[in-house]
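Reader: Please pick one part of this model and go through it closely. I would like a single connected account, with each term explained as it comes up.

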Amino acid sequence: MFLENFRITSLAMAQIFILGALGYYLVRRNIFSRAGLDALSRLVIQIIFPAMIFTQLLQNFSFNLYPNWWIFPLVSLIITVSALIVGLFLLKLIKLKNHKLQFLSLVGFQNSGYLPLAMVASIFSGQEMNNIFIYIFLFLLGFDLVAWSLGIYMLTYDQKVKFKLQHIFSPPVIANLSTLAIIALGLNKFIPQSIFKPMQMVGNCTLPLALIVVGGNVALVHLKDVDKKTVFFFLLGKLIILPALGIWIVLKLGLPQLFGFLIVMQLAMPSATSLSVIVRRYNREDALISQGVFFSHIISLITVPLFLGLYLSLVVLK
């Protein structure tokens, strides 16, 4: 059973890797410039991904079907806090003198949107896939609020960076909140197909373009003077300890399979590529961030199928 689940999740990661590798190749070969990648990234974040959130929620979400919808953003906050606690424990263990907040950021903030969506689309189908898509969108409500506030602070703490409300209310967060409000008010019934269909077509482009952006961002990282000890302990916490704890807690609490899958998957994900975007944007020294983003994405090709395959096998056995 484990080998079959490992095979399925490995094939899903292989599909993700191919699209990410395409983005990596385009940037490394200068077919896609940094300016072009930044433009595509903005297009995905500001238009395409919000369109996917909008159409998926309108089509598959209702407050009657998901009365406990607020649990998902709450769980995202719990996962982030838990990851930061694991990071603090590892910091004490290795007694890191420099780049402590970068280390914590790498452990605390995962690639919580694009990779999980692609993984789910490759493994599940039909209503199960739609359900987990909704879980991920609601999860991102809490995650984005923290990642684009606390995350920016942690990576720019010694600079006088002014707090801007738009950092928290990013386009995906606005799409989530506005669509939930439309559904709550019953206005979704008045949205014509002439508007919905084109937006759905735009939203359907999210996964391939997002993975190309992820691969392109990884291609921009600069690996120089790798701190092997620090990277090892970061990878140990991010890709081993956290998903292992996730499996133990989910099984201990007896959570529903799809909900448990969401939690284990989020805990197994590599570090957020947006961390590299933040340090580039604020001209911060990004050696450890670059190393962490690069190596976590490479090693996750093995660890993500391993832990997701293990979880699915244990759930069936249970």
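Author: A salt bridge is a side-chain nitrogen of Lys or Arg within 4 Å of a carboxyl oxygen of Asp or Glu. The model is predicted, so to speak of local features a pLDDT of at least 70 is needed, side-chain atom pairs count only at pLDDT 80 or more, and totals for chains, interfaces and linings use all residues. Residues are numbered from 1 along each chain as its sequence is written, and side-chain values use heavy atoms, with hydrogens and water left out.

The structure holds 1 salt bridge. Its partners are Arg-7 and Glu-4, whose side chains meet at 2.8 Å, N to O. Both residues lie in helix H1, 3 residues apart, about one turn of the helix. Helices are DSSP runs (H or I, at least four residues), numbered from the N terminus. An α-helix has 3.6 residues a turn, so residues three or four places apart point the same way. Side chains of opposite charge can pair when their charged atoms come close.

How covered are the two partners? The scale is relative accessible area: buried is under 20%, exposed is over 50%, and partly exposed is in between (1.4 Å probe, protein chains only). Arg-7 has 42% relative accessibility and therefore counts as partly exposed. Glu-4 is also partly exposed, because its value is 38%.

Helix H1 covers residues 2-28, which makes 27 residues. The expected span of a helix is 1.5 Å times one less than its number of residues. For H1 this comes to 39 Å, and the C-alpha atoms at its ends are 37 Å apart, so the two values agree. The buried residues of H1 are Asn-5, Thr-9, Ala-12, Met-13, Ile-16, Gly-20, Gly-23, Leu-26 and Val-27.

What does H1 touch elsewhere in the chain? Contact means heavy atoms within 4.5 Å. Two residues of helix H15 are useful here. Leu-301 is placed in H15, which runs over residues 287-317. Leaving aside neighbours within four places in sequence, Leu-301 is in contact with Met-13 and Phe-17. Met-13 is one of the buried residues of H1, whereas Leu-301 has a relative accessible area of 28% and so is partly exposed. From Leu-301 to Ile-136 the C-alpha distance is 20 Å, with their positions 165 residues apart in sequence.

Leu-306 is also in H15. Not counting residues up to four places away in sequence, Leu-306 touches Phe-2 and Phe-6. The C-alpha atom of Leu-306 is 8.1 Å from that of Ser-10, although the two residues are 296 apart along the chain. Leu-306 is partly exposed because its relative accessible area is 34%.

Last comes the end of the helix. Just after H1, Asn-30 takes a positive phi of about 60 degrees, and it does so although it is not a glycine. Asn-30 lies in the loop between H1 and helix H2, residues 34-60. Its relative accessibility is 65%, which means that Asn-30 counts as exposed.

To put the part together: H1 carries the salt bridge between Arg-7 and Glu-4, Leu-301 of H15 touches Met-13 and Phe-17, and Leu-306 of H15 touches Phe-2 and Phe-6.

Notes: Helices (H or I, at least four residues) and strands (E, at least two) are DSSP runs, numbered from the N terminus.
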